[in-house]
Amino acid sequence: MLKKASENLTEKLLRYKIIETDNKQYYLYGIELLLIKMVFYLSVFSLAIITNTIWSSIFFIFSFITLRQYTGGYHCHRFWKCFLLSMLIYIIMILIALNLKNEMVVFFIVLALLASFIIVLRAPLNNVNKPLDVQEWKKYQMISIILVICYLCSIFIGWQHGLCRLTVSISWALVADAGLILIHDEKEMRKNEKENTQSNF
């Protein structure tokens, strides 16, 4: 549905000569990505209102997106898969927030600390579609570390002031980001093993 909509919009841009034919694929990709993001944020906003988790959602989405931007990690090859994975991660956060008990907060803080260790140790990961040069890698690594420190400080401040949902939402952002890094590493390891096996024959 969204692919068809992006194709129709691209054709209209071509018809009115707003874009050139040579750039059609780039605009098709960009429009589809924009539509997917709009649907995602609209879904998040709607769920946040329905479940009364607006602030938890804001803190989680902001933390998660900024981390993903600089740390890298597993990326789906299709937009709809990316949408479903993102929604799954977000819905888990909502379920945690709605069923949160005081004794669970410390558990998520410990998870956040472990996740932070993984992020600092492994980030940033190179994206095949957008490889980083040495200077960019160092820049992204520094920003990743700064973000982790800021979010850990926010977690402990929130915990000290009894803001349990805030604490857990940011903790879950760190955990989810670290999880996607580990998934990326696992897939790369399997890919390398497969290539090594094939080269031996």
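## Packing of H5 against H6

In this predicted model, helices H5 and H6 pack at an angle of about 170°, and their axes lie 10 Å apart. Because angles over 145 degrees count as roughly antiparallel, H5 is roughly antiparallel to H6.

The contact involves residues from both helices. H5 contributes Val 105, Val 106, Ile 109, Ala 112, Leu 113, Ser 116, Ile 119 and Val 120, which meet Ile 145, Val 148, Leu 152, Ile 155, Phe 156 and Trp 159 of H6.

## Overall fold and confidence

The chain has 7 helices and 0 strands, giving the pattern α-α-α-α-α-α-α along the sequence. Of its 201 residues, 36% count as buried. Among contacts with a separation of 6 or more, 76% are between residues 24 or more positions apart.

The average pLDDT of the chain is 86, and 83% of the residues score at least 70. Among the elements, H6 has the highest mean pLDDT, 95, whereas helix H1 (residues 2–15) has the lowest, 66. Where pLDDT is low, the predicted coordinates should not be read in detail.

## The largest nonpolar core

The largest nonpolar core holds 42 residues, of which Phe 60, Tyr 90, Trp 172 and Leu 174 touch the most other members. Helices H2 (24–51), H3, H4 (79–98), H5 (102–122), H6 (134–160) and H7 (164–199) each give two or more residues to this core. H7 gives the most, with 11 residues.

Tyr 90 touches Val 44, Leu 47, Ala 48, Thr 53, Ser 57, Phe 60 and Ile 61, leaving aside residues up to four places away in sequence. Phe 60, another of the four core residues named above, is thus among the contacts of Tyr 90.

## Helices H3 and H4

Helix H3 comprises 18 residues (54–71); at 1.5 Å a residue these should span 26 Å, and the separation of 25 Å between the end C-alpha atoms agrees with this. The buried residues of H3 are Ser 56, Ser 57, Phe 60, Ile 61, Ser 63, Phe 64, Thr 66, Leu 67, Arg 68 and Thr 71. Following H3 is Gly 72, which has a positive phi near 75°.

For the 20 residues of H4, the expected span at 1.5 Å a residue is 28 Å, in agreement with end C-alpha atoms 28 Å apart. Buried positions in H4 are Phe 79, Phe 83, Ser 86, Met 87, Ile 89, Tyr 90, Met 93, Ile 94, Ile 96 and Ala 97. Tyr 90 of H4 is buried and touches Ser 57, Phe 60 and Ile 61, among others; these three residues are buried in H3.

Technical notes: Residues are numbered from 1 along each chain as its sequence is written. This is a predicted model: local features need pLDDT of at least 70, side-chain atom pairs count only at pLDDT 80 or more; totals for chains, interfaces and linings use all residues. Side-chain values use heavy atoms; hydrogens and water are left out. Helices (H or I, at least four residues) and strands (E, at least two) are DSSP runs, numbered from the N terminus. The expected span of a helix is 1.5 Å times one less than its number of residues. Buried means under 20% relative accessible area, exposed over 50%, partly exposed in between (1.4 Å probe, protein chains only). A nonpolar core is a set of buried Ala, Val, Leu, Ile, Met, Phe, Trp, Tyr and Cys residues joined through side-chain atoms within 4.5 Å. Contact means heavy atoms within 4.5 Å. pLDDT is the predictor's confidence in each residue, from 0 to 100. Axes are lines fitted to C-alpha atoms, for helices over the stretch in contact, and angles run from 0 to 180 degrees between N-to-C directions. Angles under 35 degrees count as roughly parallel, over 145 as roughly antiparallel, 65 to 115 as roughly perpendicular and the rest as oblique.
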